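Visitor: Could you take me through this model step by step, giving the reasoning behind each reply? I would like to start with the terms that the reasoning depends on.

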Amino acid sequence: MKIAIVGTGYVGLVTAICLAEVGLNLICVDVDEAKIEKLKKGISPIYEPGLDDMLQRNIAKEKLFFTTSLAEAMPDIDVVFSAVGTPPDEDGSADLKYVLDVARTIGKNMQKYALVITKSTVPVGTAKMVRDTIQQELDQRRVHIEFDVASNPEFLKEGDAINDFMKPDRIVCGISSPKAQQILEKIYAPFVLNGHPVVFTDIASAEMIKYAANAMLATRISFMNDIANLCEIVGADINMVRRGIGSDTRIGSKFLYAGAGYGGSCFPKDVKALIKTADEYGYSLEILKSVEKVNDKQKTILFDKLNRYYNGNLKDKCIALLGLAFKPNTDDMREAPALSLIEKLKDAGCVIYAYDPVAMEESKRKIGNAVHYCKNLYETLENADALLLVTEWTEFRILDLKKVKTLMKNAVVFDGRNIYNEQEMVNNGIEYFCIGKKTNN
């Protein structure tokens, strides 16, 4: 079975490398020539723990190949995974330009039966658009070639994507023919030996499952952030509330952590796209509109706390910022809370010193020298008027508090992820503020 994966971004590359790891032969396609040349040399364009070693190993085993031309590869291909980007359009809907470009290329160049699998996150109805686009190209060529279209949404967590792919909770496949099901069963057979199922559905349901899953997780986060803000007002402790409700088996403990808002490539984009899809059908998803509103507000909560602390006088204050990526173990800064925070701090006249273990190059690409980049977390603290913890990297979890107190001009910490112990901070002469709890300062 010869498999092509179009798009070597986060989803496409992880999928290709993990499929190669179990013995399948993959050809990866991307229009970015520089990216393809790096991949041929075993250099990954994304940061993901463990991915570089797997990439190099499977290139050496001749399980992975790379090209910029799907047209040239297509005649020999049995299965195509389309994993190209679906960026949000100006109105919040998913831009399907690249998805349909892939479909056109397939239709123009396929020579035999192929199963075309949409791996990108796409709105309900996209598979039909892909099918129609391929068929239009075949009609123009005046050839009759059978093909199937399927939906196979991904459920990968950045920072733990390899484990998620190799040991999935479930694999969702939307299909419309027995042949498509047989092919997908064969591809995923090595991944379900742990007893977790391949869930076969109709295509529309598979497309909706991805959006509904991300929307539910985003809802849990925004719900807890809203409750956290209320806890501060009434004197409750969100950490105790989280433990109390998380022990209820009907609720569970995951995605109940209050913080400075969610970001990344999935939750913000998918919530917007699902809202837009509903609007197009004349239905308003009021809960998700509130989820989005709460999250937008939560991204400014650290700034609001800092601004209140300094009574609105932040001009020329030196701020130490720990964490730029939207979450640990990734360099992804798409929709990162740090970006909203930096914008507010700059507008207020602050001078920002920042450190992130892996995302600083990405930050330079996104915002240039809007902040001063430091070599380590303690360099950010020198003469700082405040420390803002934005991303809960492991190396940030234990601070030398005596060193923190000595280095900072004003020892005050705003903990955007609730990872520090308030009493330890206070005992070392450090003022401490977190999310969802009144502090004893």
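Guide: One definition is needed at the outset: a residue is called buried when its relative accessible area is under 20%, exposed when that area is over 50%, and partly exposed in between. Please keep in mind that this is a predicted model.

Visitor: Is Asp-148 buried or exposed?

Guide: The relative accessibility of Asp-148 is 10%, and the limit for a buried residue is under 20%. Because 10% falls under that limit, Asp-148 counts as buried.

Visitor: With which residue does the side chain of Asp-148 meet in a salt bridge?

Guide: Side chains of opposite charge can pair when their charged atoms come close. Asp-148 belongs to strand S6 (residues 147-151), while its partner lies in helix H6 (residues 126-141), so the pair ties together parts that are 17 residues apart in sequence. That partner is partly exposed, with a relative accessible area of 29%. With an N to O distance of 3.9 Å, the salt bridge joins Asp-148 to Arg-131.

Visitor: How many salt bridges does the count come to?

Guide: The rule asks for a side-chain nitrogen of Lys or Arg within 4 Å of a carboxyl oxygen of Asp or Glu. One pair that meets it is Lys-269 and Asp-270, whose closest N and O atoms are 3.2 Å apart, and both of these residues are buried. By this rule, the count comes to 22.

Visitor: What separates Glu-362 and Arg-365 along helix H15?

Guide: These two residues form a salt bridge, with their closest N and O atoms 2.7 Å apart. Glu-362 is buried at a relative accessible area of 19%, whereas Arg-365 counts as exposed at 59% relative accessibility. Because they are three residues apart in helix H15 (residues 360-367), the separation between them is about one helical turn.

Visitor: Within what arc do the buried residues of H10 fall?

Guide: In helix H10 (residues 238-246), the residues Ile-238, Arg-242 and Gly-246 are buried. Seen down the axis, the buried residues line one face of the helix, while Met-240 and Arg-243 are exposed on the other side; helix H9 (203-234) is included in what covers the buried residues. The arc within which those buried residues fall is 65°.

Visitor: The backbone oxygen of which residue lies 2.8 Å from a polar atom of the side chain of Asn-418?

Guide: Asn-418 is found in the loop between strand S13 (412-415) and helix H18 (422-427), and it is buried, with a relative accessible area of 16%. Leaving aside residues up to four places away in sequence, Asn-418 touches Ile-238, Asn-239, Ala-258, Tyr-432, Cys-434 and Ile-435. The backbone oxygen that lies 2.8 Å from a polar atom of the Asn-418 side chain is that of Ile-435.

Visitor: Which element supplies the largest share of the lining of the largest cavity?

Guide: The structure holds two cavities of 30 Å³ or more, and the largest has a volume of about 40 Å³. The residues that line this largest cavity are Ser-82, Val-99, Val-102, Ala-103, Ile-106, Val-116, Thr-118 and Val-130. Helix H5 (97-109) and strand S5 (114-118) each supply at least two residues of the lining. The largest share, four residues, comes from H5.

Technical notes. Residues numbered from 1 in each chain as written. Predicted model: local features only at pLDDT ≥ 70, side-chain atom pairs only at ≥ 80, totals over all residues. Heavy atoms only, no water. Buried < 20%, exposed > 50% of the residue type's maximum accessible area, 1.4 Å probe, protein only. Polar contact = N/O pair within 3.5 Å; in protein donor to acceptor, adjacent residues only side chain to side chain. Contact = heavy atoms within 4.5 Å. Arc of directions from axis to C-beta. 1 Å grid on protein atoms, 1.4 Å probe; cavity = no way out; pocket = protein on both sides within 12 Å on 5 of 7 lines; lining within 4 Å. Points joined across faces, edges and corners; volume = space filled by probe spheres on them.
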